[in-house]
Amino acid sequence: MPKYEVRIAQKSEIKPVMDLLVQERSRYPSFARLMKSPWRRVLYQQWVTPRYLRTSANTFVLLQDGELAGYAVAEQSGEAVHLADFVVTDDYDRRPLLAILFRKVEQLAIDRNY
């Protein structure tokens, strides 16, 4: 039986999460156009996104059997926590990972008295 885990991303996991985020968002034409510019791509991948994922958001890794199966980003605004973005890649079980993720985000809100 697979082992599932959802936890806050460690600093060393931000780059793989960012790579997955870019890969996933590149499916959208407007984002794909943004990434065609070498200057914007470098700025987005080397500075903006890693900084955002490390400092401004609560970035979670979704693991199945110890392998990165996806990510999630929870943001705080005012007195609320909301799930801003999440992805479970095709090769992994979405249902158990998302159930754990939703409980983690709910617990984050409870812990912060939201």
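**Exercise 1. Determine how many helices and strands the protein chain has, and in which order they occur.**

Step 1. The chain holds four helices and four strands, where helices (H or I, at least four residues) and strands (E, at least two) are DSSP runs numbered from the N terminus.

Step 2. Along the sequence, these elements follow the pattern β-α-α-α-β-β-β-α.

Step 3. The basis must be stated: this is a predicted model, in which local features need pLDDT of at least 70 and side-chain atom pairs count only at pLDDT 80 or more, while totals for chains, interfaces and linings use all residues. Residues are numbered from 1 along each chain as its sequence is written, and side-chain values use heavy atoms, with hydrogens and water left out.

**Exercise 2. Assess the radius of gyration of the protein chain against that of a compact globule.**

Step 1. The radius is taken over C-alpha atoms, and the globule rule is 2.2 Å times the number of residues to the power 0.38.

Step 2. For 114 residues, a compact globule would come near 13 Å; the protein chain has 15 Å, which agrees.

Step 3. The C-alpha trace spans about 40 × 40 × 25 Å along its principal axes.

Step 4. Of contacts (heavy atoms within 4.5 Å) between residues at least 6 apart in sequence, 54% join residues at least 24 apart.

**Exercise 3. Classify M35 and R7 as buried, partly exposed or exposed, and list their contacts.**

Step 1. Buried means under 20% relative accessible area, exposed over 50%, and partly exposed in between (1.4 Å probe, protein chains only).

Step 2. M35 lies in helix α2 (residues 29-36) and is buried because its relative accessibility is 8%. Leaving out residues up to four places away in sequence, M35 touches V22, R41, Y44 and Q45.

Step 3. R7 belongs to strand β1 (residues 4-8) and is partly exposed, because its relative accessibility is 21%. With the exclusion of residues up to four places away in sequence, R7 touches E13, T59, F60, V61 and L63.

**Exercise 4. Describe the largest pocket by its volume and lining.**

Step 1. On a 1 Å grid over the protein atoms alone, a pocket is an open set of points where a 1.4 Å probe fits, with protein on both sides within 12 Å along at least five of seven lines; lining residues have an atom within 4 Å of a point.

Step 2. The volume, the space filled by probe spheres set on the points, is about 170 Å³.

Step 3. The lining includes L20, R27, F86, D90 and L98. Helices α1 (14-25) and α4 (94-111) and strand β4 (80-88) each supply at least two lining residues.
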